[in-house]
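Subject: Structure handover

Hi,

Here is the structure for you to look over. My notes come after it.

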Amino acid sequence: MANASHLINHSRKLRNASIFLHHERALLVRWFCNDAQPSISRNRDVRRTQIHDYKSSTRSSVAGTSPNFTKRNFSMSTMKRGCISGCLFNGDISNSSRVMSRRCYASASDLPPHQEIGMPSLSPTMTEGNIARWLKKEGDKVSPGEVLCEVETDKATVEMECMEEGYLAKIVRGDGDKEIQVGEIIAITVEDEGDIAKFKDYQASASEPSAPPAKETSAPPPPKKEVVEEPAREPEPKVSKPSAAPSSGDRIFASPLARKLAEEKNIPISSIKGTGPDGLIVKGDIDDYLASGAKEVSAPSKAKVTTDAALDYTDIPVSQIRKVTASRLLLSKQTIPHYYLTVDTCVDKLMSLRTQLNSLQESSGGARISVNDLVIKAAALALRKVPQCNSSWTNEYIRQYHNVNVNVAVQTDNGLFVPVIRDADKKGLSAIGEEVKQLAKKARENSLKPQDYEGGTFTVSNLGGPFGVKQFCAIINPPQAGILAVGSAERRVIPGSGAEEFKFASFMSVTLSCDHRVIDGAIGAEWLKAFKGYIENPESMLL
């Protein structure tokens, strides 16, 4: 009985919960006696017997408050004569942060009653999180609803609120600590201000993050806790204190993945504008910042040459743009049902028109027009003629675009870029040619802005002219529904007008990759027919 009173008097919550004491005092005494080791089911039976006289009144009171009723689970790991070495887990869970906390009472150790705050679970799939920064310092008084710290996931930064009144005695995981498992202790709070100093050298046990139910199954773990405490110092050296960017003035909200990438590239997070909800900086913003011309501070480290008994190889560092390209292409092949349509187009008239136009350009001081410029124009006009191909897939509808914005694949030393020619169907050949040259130059200088490559509705990839590739199939650039792969032109012998007459002609192979969810086979064939008509009768593009 003395032990139970000791427990009740140490908790402000239990001390004020008169109704709970009336119903549960006998059960608590039974739990903490020396020879009692009841299971959860037996506890329920005992409680049912001992509060039989209160049954009718209790039932009515609980029924009236059931929406706000929270079940609490009591778990005892072991019991010793004259002391309690178990823990009572707080069942209160905030809807926003789902803070995990555990109340520990005085025992034979030198630690006074305290509450251990665990890393909260912010989503059903969250397994770990990062501490962005603490808004309270050790020794500060905390009240319910006050923000303790900011917790980062890969999607958002969320404020973690305090659940009970007390004092922040110890911050176990500091600003910038990463990969903290859900439930792992991050802070200690106490009810009495005089107990703060006793947690100055507090070290969380390595076994603390383990799930609470596991402690019910066996009695031995508590004694082993003291032995396992030593290795718990290992996580602290792993903590790489981040740059103090967040502590400069206004609060900056960024996802953990974005902060990690910014740290790796030594990018000042404050110089990046977030495009996520409420200005949240996400990973894509960092990628855009890098693609816009910012230097990757993690400059390609020297290739690592390794030799083993079987073979020699070199590890080449992967640039960020290549990582982004790889992830998008993998996503495309895994989620988009590709199919391919190939057609040969005669380009004799196209080449003749190009020669005439370049003569005019040279005489007027303009830039020369390439075959690729003519292909882009023909593709844009075909998209305007067959708008079903100028679309993208969503789970609920097909979005058909009214603007024809053509992305052009450009290969650089840093990776593959796809700058966009906006309203290509409305621009002249000289304007398209000049814009392609400027964007290609910016891509090779790694100085593209987000507006230079965002918002495309279709993509053209040409490996024929620059590399002499005859024919290939390109991977769709999501969320677009089509991409045109352009091969090289070759001379062929074809039948002439007479029975035994032959002549030479140049043909170019093009392959249209289609998203079958958006573009049916007949629609894709109709687009290729329109494209071929513009290529083989190029004068129609000038009308």
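Below is what I found, topic by topic.

This is a predicted model, in which local features need pLDDT of at least 70, side-chain atom pairs count only at pLDDT 80 or more, and totals for chains, interfaces and linings use all residues. Residues are numbered from 1 along each chain as its sequence is written, and side-chain values use heavy atoms, with hydrogens and water left out.

**Overall**

The protein has 16 helices and 25 strands. These are DSSP runs numbered from the N terminus: helices are H or I of at least four residues, strands are E of at least two. Of the 543 residues, 44% are buried. Buried means under 20% relative accessible area, exposed over 50%, and partly exposed in between (1.4 Å probe, protein chains only). The protein exposes about 29400 Å², and carbon and sulfur atoms supply 53% of that. The areas come from the Shrake-Rupley method with a 1.4 Å probe. Take the contacts (heavy atoms within 4.5 Å) between residues at least 6 apart in sequence: 61% join residues at least 24 apart.

**Cysteines**

There are zero disulfides, a disulfide being a pair of cysteine sulfur atoms within 2.5 Å. Cysteine 514 is in none; its nearest cysteine sulfur, on cysteine 389, is 6.0 Å away. Cysteine 514 is buried, at 0% relative accessible area. Cysteine 162 also counts as buried, because its relative accessibility is 7%.

**Aromatic pairs**

Rings of Phe, Tyr and Trp (its six-membered ring) pair if their centres lie within 6.5 Å; planes under 30 degrees apart are stacked, over 60 edge-to-face, and the rest tilted. That gives three aromatic pairs. In one, phenylalanine 199 and tyrosine 202 have ring centres 6.0 Å apart and planes at 50°, so the pair is tilted. Both residues are buried. In another, tryptophan 527 and phenylalanine 531 have centres 5.4 Å apart and planes at 10°, so this pair is stacked. Both lie in helix 16 (residues 521-536), four residues apart, about one turn of the helix. Both are buried. Ring pairs link them with Phe458 into a cluster.

**Helix 11**

Helix 11 (residues 320-335) has 16 residues and should span 22 Å at 1.5 Å a residue; its end C-alpha atoms are 23 Å apart, which agrees. The expected span is 1.5 Å times one less than the number of residues. Gln320, Ile321, Val324, Thr325 and Ser332 are buried here. Down the axis, the buried residues fall within an arc of 140°, so they line one face of the helix. The arc is that of the directions from the helix axis to the C-beta atoms. Their cover includes helix 9 (256-264), helix 10 (283-291), strand 16 (338-346) and strand 21 (415-417).

Best wishes
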